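Thanks for coming, everyone. I'll walk you through one structure, piece by piece. Please keep it open in front of you.

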Amino acid sequence: MYKQKGITLSGFLLWAMVLVFIALIGFKVGPSYFENMSIQKQFKAIVNDPSRPVSSLREAQIAFSGRATVENITAINAGDIEFSKDGDRVTLSASYTVCVPLVSNMKACMDFSPSSDK
């Protein structure tokens, strides 16, 4: 005799709800991760720019301010940048926290620390 295979309507609805919930969390949390990647990319670009070498914190802040405006970076500003110099090697970094509301009174708080070394 032939045996039927497949998913029931209740099983389908359960899995659909789980996948929609995961997608909603991804849509809320994802932009914070993309902005962190953008900040890290800008830090590397500032440090490796041969036409405008960075040798002080003020120069790094000015360079970041211009790039942050173009890239629409709002998580940090130029005052949050940490500058360190070891010989000829310059490192830019920052530490910040982003809290994103998920559902009702639940929030996802994420700590980021982009650096030009990573």
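One definition before we start. A residue counts as exposed when its relative accessible area is over 50%, as buried when that value is under 20%, and as partly exposed in between. Take R89 as a test case: its relative accessible area is 52%, so R89 is exposed. Also, keep in mind that this is a predicted model.

Let's begin with helix α2. It runs over residues 57–71, which makes 15 residues. From its first C-alpha to its last, α2 reaches 20 Å. That is close to the 21 Å expected at 1.5 Å a residue.

Which residues of α2 are buried? They are A60, Q61, A63, F64 and A68. These residues cover an arc of only 170° around the axis, so they sit on the same side of α2. And what do they pack against? The partners are α1, residues 9–47, then β1, residues 82–86, and β2, residues 89–93. Now turn the helix around. The face pointing away from the buried side carries the exposed residues R58, T69 and V70.

What follows α2? The answer is N72. This residue lies in the loop between α2 and β1. With a relative accessible area of 59%, N72 is exposed. Its phi is positive, about 60°, although N72 is not a glycine. Why point that out? Most residues other than glycine have a negative phi.

There is another case to look at. S104 is also not a glycine, and its phi is positive, near 55°. Find S104 in the loop between β3 and β4. S104 is exposed, at a relative accessible area of 77%.

Next topic: charges. Side chains of opposite charge can pair when their charged atoms come close. How many salt bridges does the structure hold? Two.

Take R67 and D49. They form a salt bridge, with the closest N and O atoms 3.8 Å apart. R67 lies in helix α2, and D49 lies in the loop between α1 and α2, so the pair ties together parts that are 18 residues apart in sequence. R67 counts as partly exposed, at 26% relative accessibility.

Now D117 and R89. Here the closest N and O atoms of the salt bridge are 3.2 Å apart. This pair links distant parts of the chain. D117 is in the segment after β4, R89 is in strand β2, and 28 residues separate them in sequence. At 44% relative accessibility, D117 counts as partly exposed. R89, our test case from the start, is exposed.

On to the inside. In soluble globular proteins, nonpolar side chains tend to be buried together. The largest nonpolar core here has 21 residues. Which of them touch the most other members? F43, F64 and I76. The elements giving two or more residues to this core are α1, α2, β3 and β4. F64 we have already met, among the buried residues of α2.

Look more closely at F43. Leave aside its neighbours within four places in sequence. F43 is then in contact with F64, I76, I81, L92, S93, A94, P114, S115 and S116.

Let's follow one of those contacts, S115. Is S115 buried or exposed? It is buried, with a relative accessible area of 10%. S115 lies in the segment after β4. Its side chain reaches the backbone nitrogen of D117 at 3.2 Å. Not counting residues up to four places away in sequence, S115 touches Q40, F43, K44, T91, L92 and S93.

Last, two distances. How far apart in space are P101 and I25? They are 9.7 Å apart, C-alpha to C-alpha, with their places 76 residues apart in sequence. P101 is in strand β3. It counts as partly exposed, at 49% relative accessibility. Beyond its neighbours within four places in sequence, P101 is in contact with K28, M106 and K107.

Now try V18 and S32. They are 14 residues apart in sequence and 22 Å apart in space, C-alpha to C-alpha. V18 is found in helix α1. At 34% relative accessibility, V18 counts as partly exposed.

That's the tour. Which part shall we look at again?

How values were computed. Residues numbered from 1 in each chain as written. Predicted model: local features only at pLDDT ≥ 70, side-chain atom pairs only at ≥ 80, totals over all residues. Heavy atoms only, no water. Helix = DSSP H or I, 4+ residues; strand = E, 2+ residues; numbered from the N terminus. Expected span 1.5 Å × (residues − 1). Buried < 20%, exposed > 50% of the residue type's maximum accessible area, 1.4 Å probe, protein only. Arc of directions from axis to C-beta. Contact = heavy atoms within 4.5 Å. Salt bridge = Lys/Arg side-chain N within 4 Å of Asp/Glu carboxyl O. Core = buried A, V, L, I, M, F, W, Y, C linked by side-chain atoms within 4.5 Å. Polar contact = N/O pair within 3.5 Å; in protein donor to acceptor, adjacent residues only side chain to side chain.
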